[in-house]
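Subject: Structure for you, with notes on what turned up

Hi there,

Here is the structure I promised to pass on. Have a look first, and then read on for my notes.

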Amino acid sequence: MGKIEWAMWANEQALASGLILLTGGIVGVAGQFRGWQFAAYAVAAGVFVCLLEYPRSKRSKGTSVERTGQYCFTVCVKTFGPLTRNYYVRAFLHAAICVPGGFMLATVLGCVCLGIASLIYLAAAIRGEHWEPILPRKAETRKPPESIKKPPQNPPPRPPPEMRKKRVDDLEGAAYDNPIDVTANE
Amino acid sequence: MENFAANEGLSIFVILVWLGINAFLFVNFYIVFLDRRWFYTRVLLGQALSWARAPAAALNFNCMLILLPVCRNLLSFLRGTIQHCSRTAARQLDRNLTFHKLVAYMIAFHTAVHIIAHLFNFEYFMDAQLNRNSSLLPFVLSEIGNGDNASFLNPIRTNETNPTIVMFTTIAGLTGVAITLALILIITSSMEVIRRSYFEVFWYTHHLFVIFFIGLVFHGYGRIVRGQTPASLRANNPEVCADQFEDWGKNGSHCPVPEFAGNPPGTWKWVLAPMILYVCERIVRIYRSHQKVVITKVVMHPSKTLELQMKKKGFSMEVGQYVFIQCPSISRLEWHPFTLTSAPEEDYFSAHIRIVGDWTQALYEACGGDKNETQEAWKLPKIAIDGPFGTASEDVFRYEVVMLVGAGIGVTPFASILKSVWYKHIQNNQEVFTKKIYFYWLCPETQAFEWFADLLQSLEGQMTEKGMADFLSYNIYLTRWKETEAAHFRVHHEAENDPITGLKQKTLYGKPNWDNEFTNIASKHPGTKVGVFLCGPPALGKSLEKQCLSHSEDDVKFIFNKENF
């Protein structure tokens, strides 16, 4: 199992919060609740958080499981460099984003969930974790060494069939027994 | 199709019944709140009232169900009793975790509907207080109960507030937020990625369910959903009096002011029994864990496998069962499941533990694995055991012909089965129903063969002595190998004993051609039910399940059983 990478849980929590914020915002806008402006903000904030959190980070130890179709998101998130790589930035960003959600009932849940995600990200940042993009590994084309490229033109020298019979009683020895004496190149 | 029904029929039936009850509760309680008792409430809230109460009823039902599949000891007991009546029903109990997850998803869904409906309700209640115009019925209704603070309809009692504040100052609101947060945290930490990688996070966070259930029980104590009292309904008939709301209670009017009260909280009736059952379950686990377990032998196998042989008073097991092992000196809170590799006929029980993580590594060191000299018996760590718990492997002996497939370390339950079958044969020549076992072991590396190969070798020898050489037909597949090893295999191809395992039956390379295997077995055993048992990765399970379904014809039926932790 190994040491816990808090960022993985923070990521799940933040993605869930983004969806909750988005749903609350949609309800607030669709129902034309009082303070619907906060709901409209929540829709935008929810979408932003979802886009930011969708690509999973590469784990420092172990295999990373990608989310379906996350490659394009990974590329986008990667372009922001240290802003998205550093989890302190994410923690404070989520803390800041969640605040306006607290002003309206429909978005309060999203606000609190995002706040919790922010705290977990803070824990991850303190432990030195950071976001790494999962990029497809380029298939390494190994150039075969020169000698392999040319297949042998002639069959190997073999003794006549009667000398090729296998010594069944001692197979281990037979492997090293050459029917024709060989001498080292002098 | 028939085999599909045999394998999946009961599961599908259970799920349909469960969905049916959910749908019934939803629709039923939706209609209940369309009754005239809630007429005035609906004046304020419209359909949102029903949309909130219907999922609430479904939530009661699902929260009752969710604790039941995780009462391991209860399920084990049930499995033992049901087994004598119906093997299929007993197998259904093995899918308890799947059911637990389904119910959890349903709870999440109904919670979402419930919350969204209540968002509208809060907004409408607030609207009614803010539009302070006595010619509006909602406002008049909201003013009721200002004097005695008991017969009111609108839980928001003043216009100098907002829904968020109201939520945090009512019992229903506070408990609602708390339990929803608990639910969300439980769900996010239960995602497969987290569960498989950091079990501790999943396990500890999951204990938030305690908060969930406490909050759930108290959620309705504020009696915030209010309808007309029966007495008031007789005096003030909503269909007649609603339009005359400006004259309520005035002299000469036939309509007194209506009075309202909330329903008593009902959730506890649903969840109390399961909560008590679960508490009993945990008590049983604690009790079992305190019974003394003695390690009688520790064997270090080359393949980074630790074998622990233990004894415990009153311990009895069936083949292929598993136990939870705890080592207080490593961690007081961690219990890890391991399949028992010993047979019930032996006087000890054993588990082969592969060293993969920090807990297993610590166990290895505590048992003196890293030291060269043998460990003194009194230095061995104290161990606690919970279990044994049953899995599908117990059913092996009920089939005449059996296919056992184990991948890597997944072969462990079959160690127990093979040993037990052998003991049954040699002890009193018991009549064993199982006549033929086909055993497949898929392994990525040669090193993992060691301890199991020893077992197979001894079984092989004993079987030849007894003249039962074809009782067990086993096939070991090496799925990965290095170039250097491959050369060695090629040279020794003609040898009598396999170069890797030393067994008479040769190791095969690559993956088995399941189609061929199933066809061969089907042709050799017409007219029988063949049990197929797998302990391995889900992908293999899917392909085996497909093979079972496709090769089951009129006379031969392949029944697929998967073991899962």
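Does B:D347 count as buried or exposed? At 59% relative accessibility, B:D347 counts as exposed. One thing to keep in mind as you read: this is a predicted model.

B:D347 is also a good place to start on the salt bridges, since its side chain meets that of B:K311 in one, at 3.8 Å from N to O. The aspartate sits in the loop between strand 6 (336-339) and strand 7 (349-354) of chain B, while B:K311 belongs to strand 4 (residues 305-312) of chain B, so the pair ties together parts that are 36 residues apart in sequence. B:K311 has a relative accessible area of 37%, which makes it partly exposed.

How many salt bridges are there over all chains? The count comes to 12. Two others may interest you for the way they link distant parts of a chain.

In chain B, the side chains of B:R36 and B:E239 form a salt bridge of 3.7 Å, N to O. These two are 203 residues apart: B:R36 is in the loop between helix 1 (2-32) and helix 2 (39-45) of chain B, and B:E239 is in helix 14 (residues 238-241) of that chain. B:R36 is partly exposed, with a relative accessible area of 32%, and B:E239 counts as partly exposed as well, at 47% relative accessibility.

In chain A, A:R85 and A:E132 meet through their side chains in a salt bridge of 3.0 Å, N to O. Here the partners are 47 residues apart, with A:R85 in helix 4 (residues 82-85) of chain A and A:E132 in the loop between helix 6 (105-126) and helix 7 (146-149) of chain A. Relative accessibility is 37% for A:R85, which counts as partly exposed, and 29% for A:E132, which counts as partly exposed too. Chain A also has a network of salt bridges that links A:E12, A:R56 and A:R67.

Now from salt bridges to packing. Which residues of helix 12 (residues 209-218) of chain B are buried? They are B:F209, B:F212, B:F213, B:G215, B:L216 and B:V217. The buried residues of this helix pack against helix 3 (48-66), helix 6 (96-130), helix 9 (171-189), helix 11 (199-206) and helix 15 (267-289), which are in chain B too.

Happy to talk it through whenever suits you.

Best wishes

Notes:
Residues numbered from 1 in each chain as written. Chains lettered and ligands numbered in written order. Predicted model: local features only at pLDDT ≥ 70, side-chain atom pairs only at ≥ 80, totals over all residues. Heavy atoms only, no water. Buried < 20%, exposed > 50% of the residue type's maximum accessible area, 1.4 Å probe, protein only. Helix = DSSP H or I, 4+ residues; strand = E, 2+ residues; numbered from the N terminus. Contact = heavy atoms within 4.5 Å. Salt bridge = Lys/Arg side-chain N within 4 Å of Asp/Glu carboxyl O.
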